[in-house]
Amino acid sequence: MRQNILPRSRSFLRLLSGLLLVGAAGFAAAEPCRKISTEAELSSYTKTQGTQATVARDICYAEGTEWKEKSPAGAYDVTLDQRFDFYRPASLPASQRLPLIIWAHPNGATDNLPQQGDLYPKLVTPALALGFALMSIEFRHPVASQEYGKSPNLDIPNTDIARAVQWARHRSGMLGIDGSNIFIVGQSRGTLGLMNALSKNLADDQAPFPYQTKSSRVRAVYAVQAQTTYEKEQVKQTFIHPDSWPAFEALYANFHQPGSSINEITTDDPPVAMRYERAPTDQSLQTVVPLHLPAQNGNCAYPEGCFDFHHPNFGLKLHLAFKSLSPTQPASKFDIAYNVPTDYLYVDQVTSRPYACFFAKNLTPEGRANLSAYAVEVCGL
């Protein structure tokens with residue numbers, strides 16, 4: 001860690017897929033998120049979901065800031081805001097302080113996790129079974145949150161995920177969570193949370209909002225298909241073959257530079273787990289091999305493969321940076337795996353332990369003591 005850094009069309013979309021963003025032409029803007037401040041208000045929005053979960057939807061976090069961004073489903077903008085859906089185990093009382101997992105979604109998805117969707121059984125079900133609460137957030141991304149047909153906005157905030165951590169900690173009593181045990185899991189776009197977790201603590205005693213006085217630090221982070229730097233020059237110099245530099249400069253003339261996990265990582269950062277579906281170019285995992293850009297039609301003519309922003313070379317570079325800081329650091333502090341089949345990105349291929357076991361291992365001693373016998377057995381603790 002660096003010390004210095006539609007009418008309510010969401011329901012309609014749940015019936016369609018739960019994944020595409022809202023907002024085709026002719027749809028009204030979605031209702032604003034719900035600003036609440038008391039347990040009674042949260043309870044009034046909380047519904048049972050089957051026999052295992054309760055959920056409160058569309059709650060504001062931070063200031064509930066609204067923005068527009070281009071929909072991945074077409075040539076139009078959608079209106080989004082700082083909102084979240086909040087899940088708890090139905091079997092546990094609302095007053096019980098649970099460890100919290102904050103989920104940051106990939107591009108093309110929203111904070112909504114429909115039960116019939118692919119991610120719910122991978123993310124929500126195991127988290128609740130192990131005694132965690134889960135907060136699925138909507139958030140801004142410096143690259144993905146651009147508006148359709150407009151010049152790139154280079155001032156889009158990159159700290160919404162960290163702000164969600166601070167807000168949840170500030171509202172821990174209302175949410176019934178343990179503010180000392182907060183974790184981040186993200187995929188693709190959502191691995192911006194990795195940089196947030198490794199960056200400076202945003203706590204500021206002079207901040208205008210009370211929640212911003214709280215720590216933005218988390219206990220651990222789990223990142224799938226992560227991009228580990230957004231700095232243009234670092235991407236070019238580290239990951240792009242010199243022959244492709246002119247093409248890279250032309251394609252990314254307005255590349256935003258919101259930061260770099262590679263630059264931020266220190267030995268006092270929280271434990272990190274990373275999962276990639278492919279292997280780095282250097283099979284020995286010793287060096288990062290710069291790659292050419294693919295052709296304009298997407299074809300790659302190079303046997304070693306071509307560059308993309310979710311290439312596992314990004315993970316390897318971060319791991320090498322971590323190891324260079326202190327070769328004696330325990331391997332458990334940086335748990336990275338490559339060539340992971342899609343079905344095993346959130347569950348261990350050998351032990352069948354869910355991703356949330358990584359968080360269970362990294363609870364505070366008090367948090368570990370409160371784990372159920374089931375969680376201890378499942379996670380091998």
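Is Glu-39 buried or exposed? In this predicted model, Glu-39 is exposed, because its relative accessible area is 54% and the cut-off for exposure is over 50%. Glu-39 belongs to helix 2, which spans residues 39-45. Beyond its neighbours within four places in sequence, Glu-39 is in contact with Gly-173 and Met-174. Thr-51 lies 12 residues from Glu-39 in sequence. Their C-alpha atoms are 22 Å apart in space.

An open sheet of 9 strands was found, with mixed pairing. The strand order is 1-2-5-7-6-8-9-10-11. Strand 1 (46-49) and strand 11 (334-337) form the edges. Each has a single partner strand, so one side of each is left without a neighbour in the sheet. From one strand to the next, the twist averages 20 degrees. Strands of a sheet pair through backbone hydrogen bonds, in parallel or antiparallel fashion. Strand 6 and strand 7 (residues 133-137) run parallel and are joined by 5 bridges. Ile-101 has Leu-134 of strand 7 as its bridge partner.

Helices pack on this sheet. Helix 10 touches strand 10 (272-275) and strand 11. The direction of helix 10 makes about 150 degrees with that of strand 11. Helix 3 lies across strand 1, strand 2 (53-60), strand 5 (83-89), strand 6, strand 7 and strand 8. Helix 3 runs at about 50 degrees to strand 5.

Helix 3 also contributes to a pocket. The second largest pocket holds about 410 Å³ of space. Its lining comprises 28 residues. Nearest its centre lie Pro-89, Leu-92, Leu-128, Leu-130 and Gly-131. Strand 6 (98-104), helix 3 (120-129) and strand 8 (177-187) each supply at least two lining residues. Helix 3 gives the most, with 5 residues. By class, the lining of the second largest pocket has 14 nonpolar, 12 polar and 2 charged residues.

The largest pocket contains about 500 Å³ of space. It is lined by 20 residues, and the closest to its centre are His-141, Val-143, Ala-144, Gln-227 and Phe-309. The lining of the largest pocket divides into 10 nonpolar, 9 polar and 1 charged residues.

Helix 7 (residues 232-239) is mostly covered, with 6 of its 8 residues buried. The buried residues of helix 7 are Lys-232, Gln-234, Val-235, Lys-236, Thr-238 and Phe-239. Their cover includes helix 8 (245-251), helix 9 (261-264) and helix 10 (313-325). Helix 10 thus appears in two settings: it helps cover helix 7, and it packs on the sheet.

Notes. Residues are numbered from 1 along each chain as its sequence is written. This is a predicted model: local features need pLDDT of at least 70, side-chain atom pairs count only at pLDDT 80 or more; totals for chains, interfaces and linings use all residues. Side-chain values use heavy atoms; hydrogens and water are left out. On a 1 Å grid over the protein atoms alone, a cavity is a set of points where a 1.4 Å probe fits but cannot get out, and a pocket is an open set with protein on both sides within 12 Å along at least five of seven lines; lining residues have an atom within 4 Å of a point. Grid points are joined across faces, edges and corners, and a volume is the space filled by probe spheres set on the points. Ala, Val, Leu, Ile, Met, Phe, Trp, Tyr, Cys and Pro count as nonpolar, Asp, Glu, Lys and Arg as charged, and the others, Gly among them, as polar. Helices (H or I, at least four residues) and strands (E, at least two) are DSSP runs, numbered from the N terminus. Buried means under 20% relative accessible area, exposed over 50%, partly exposed in between (1.4 Å probe, protein chains only). Contact means heavy atoms within 4.5 Å. Two strands pair if DSSP finds at least two bridges between them. Axes are lines fitted to C-alpha atoms, for helices over the stretch in contact, and angles run from 0 to 180 degrees between N-to-C directions.
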